[in-house]
Amino acid sequence: MTKPQLDPDVADVAPNEPTLTVYDEQHVVTYIRLLQAEGQGADWREVARIVLHIDPGREPERARTAYQSHLARAKWVTEQGRLLRGAGSK
């Protein structure tokens with residue numbers, strides 16, 4: 001597994017592969033932060049600005065797309081990809 005970065009830059013759209021990618025491994029912290037923010041009811045615009053480093057005021061479509069795709073990928077990684085649960089988890 002690639003060492004995750006603490007605050008990496010993100011792509012405009014998260015991967016949509018049926019398997020874990022190097023990008024997923026590098027963005028574990030990003031995924032955790034997105035899931036925590038959602039669980040706390042944080043406004044997506046604030047999350048896009050802080051976690052994804054995209055200003056929704058200047059780039060609303062890009063920010064929304066990046067937020068939605070990365071949050072969806074974070075959920076997939078934890079529910080199906082098993083990256084955050086560990087390979088031995090069911």
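## A four-helix model, region by region

In this predicted model, confidence among the protein's elements bottoms out in helix 1 (residues 22-26), with a mean pLDDT of 92, and peaks in helix 3 (residues 44-50), at 98. Across the protein the pLDDT averages 89, and 86% of the residues reach at least 70.

**The overall picture**

You're looking at a protein with four helices and zero strands. Read from the N terminus, the order of elements is α-α-α-α. Of the 90 residues, 37% are buried. The accessible surface adds up to about 5,500 Å², and carbon and sulfur atoms account for 48% of that surface. If you take the contacts between residues at least 6 apart in sequence, 53% of them connect residues at least 24 apart.

**The nonpolar core**

In soluble globular proteins, nonpolar side chains tend to be buried together. Here the largest nonpolar core has 17 residues. Which of them touch the most other members? Those are Leu-34, Val-47, Leu-52, Ile-54 and Tyr-67. Helix 2, helix 3 and helix 4 each put in at least two residues of this core, and helix 4 contributes the most, with six.

Tyr-67 is a good residue to click on. Leaving out residues up to four places away in sequence, Tyr-67 touches Leu-34, Trp-44, Val-47 and Leu-52. Of these partners, Leu-34, Val-47 and Leu-52 are also on the list of core members with the most core neighbours.

**Trp-44 and what surrounds it**

The structure has one aromatic pair. Trp-44 and Tyr-67 make up that pair, with 6.1 Å between the ring centres and 40 degrees between the planes, so the arrangement counts as tilted, the class for angles that are neither under 30 nor over 60 degrees. The pair ties together distant parts of the chain: Trp-44 belongs to helix 3 and Tyr-67 to helix 4 (residues 60-81), 23 residues apart. Are these two residues buried or exposed? Both Trp-44 and Tyr-67 are buried.

Trp-44 has a charged neighbour too. The charged end of Arg-64 sits over the Trp-44 ring, 4.6 Å from the ring centre.

Ala-63 is another contact of Trp-44. Ala-63 lies in helix 4 and has a relative accessibility of 0%, so it counts as buried. Apart from residues up to four places away in sequence, Ala-63 touches Trp-44, Ala-48, Ile-54 and Pro-56.

**Partly exposed residues on the helices**

Now for some residues that do show some surface. Val-29 is in helix 2 (residues 28-39) and counts as partly exposed because its relative accessibility is 22%, and buried would need a value under 20%.

Arg-33 is also in helix 2, and its relative accessible area of 27% makes it partly exposed. Setting aside neighbours within four places in sequence, Arg-33 is in contact with Leu-6, Asp-7, Ile-50 and Val-51.

Lys-75 is in helix 4. With a relative accessible area of 29%, Lys-75 is partly exposed as well. Again not counting residues up to four places away in sequence, Lys-75 touches Leu-35, Glu-38 and Gln-80.

**Far in sequence: some C-alpha distances**

The table sets separation along the chain beside C-alpha to C-alpha distance for four pairs.

| Pair | Separation in sequence | C-alpha distance |
|---|---|---|
| Val-29 and Leu-6 | 23 residues | 5.9 Å |
| Arg-33 and Val-51 | 18 residues | 7.1 Å |
| Lys-75 and Leu-34 | 41 residues | 9.4 Å |
| Ala-63 and Val-13 | 50 residues | 9.7 Å |

Leu-6 shows up twice in this report: its C-alpha atom is 5.9 Å from that of Val-29, and Leu-6 is also one of the contacts of Arg-33. Val-51 likewise pairs with Arg-33 in the table and is among the contacts of Arg-33.

**A backbone oddity in the loop**

What is the sign of phi at His-53, positive or negative? His-53 has a positive phi, about 60 degrees, despite not being a glycine. You'll find His-53 in the loop between helix 3 and helix 4. At 39% relative accessibility, His-53 counts as partly exposed, since that value falls between the 20% and 50% limits.

Definitions and conventions. Residues are numbered from 1 along each chain as its sequence is written. This is a predicted model: local features need pLDDT of at least 70, side-chain atom pairs count only at pLDDT 80 or more; totals for chains, interfaces and linings use all residues. Side-chain values use heavy atoms; hydrogens and water are left out. pLDDT is the predictor's confidence in each residue, from 0 to 100. Buried means under 20% relative accessible area, exposed over 50%, partly exposed in between (1.4 Å probe, protein chains only). Contact means heavy atoms within 4.5 Å. Accessible areas come from the Shrake-Rupley method with a 1.4 Å probe; for residues, only the protein chains shown count as cover. Rings of Phe, Tyr and Trp (its six-membered ring) pair if their centres lie within 6.5 Å; planes under 30 degrees apart count as stacked, over 60 as edge-to-face and the rest as tilted. A charge sits over a ring if NZ of Lys or CZ of Arg is within 6 Å of the ring centre and within 35 degrees of the ring normal. A nonpolar core is a set of buried Ala, Val, Leu, Ile, Met, Phe, Trp, Tyr and Cys residues joined through side-chain atoms within 4.5 Å.
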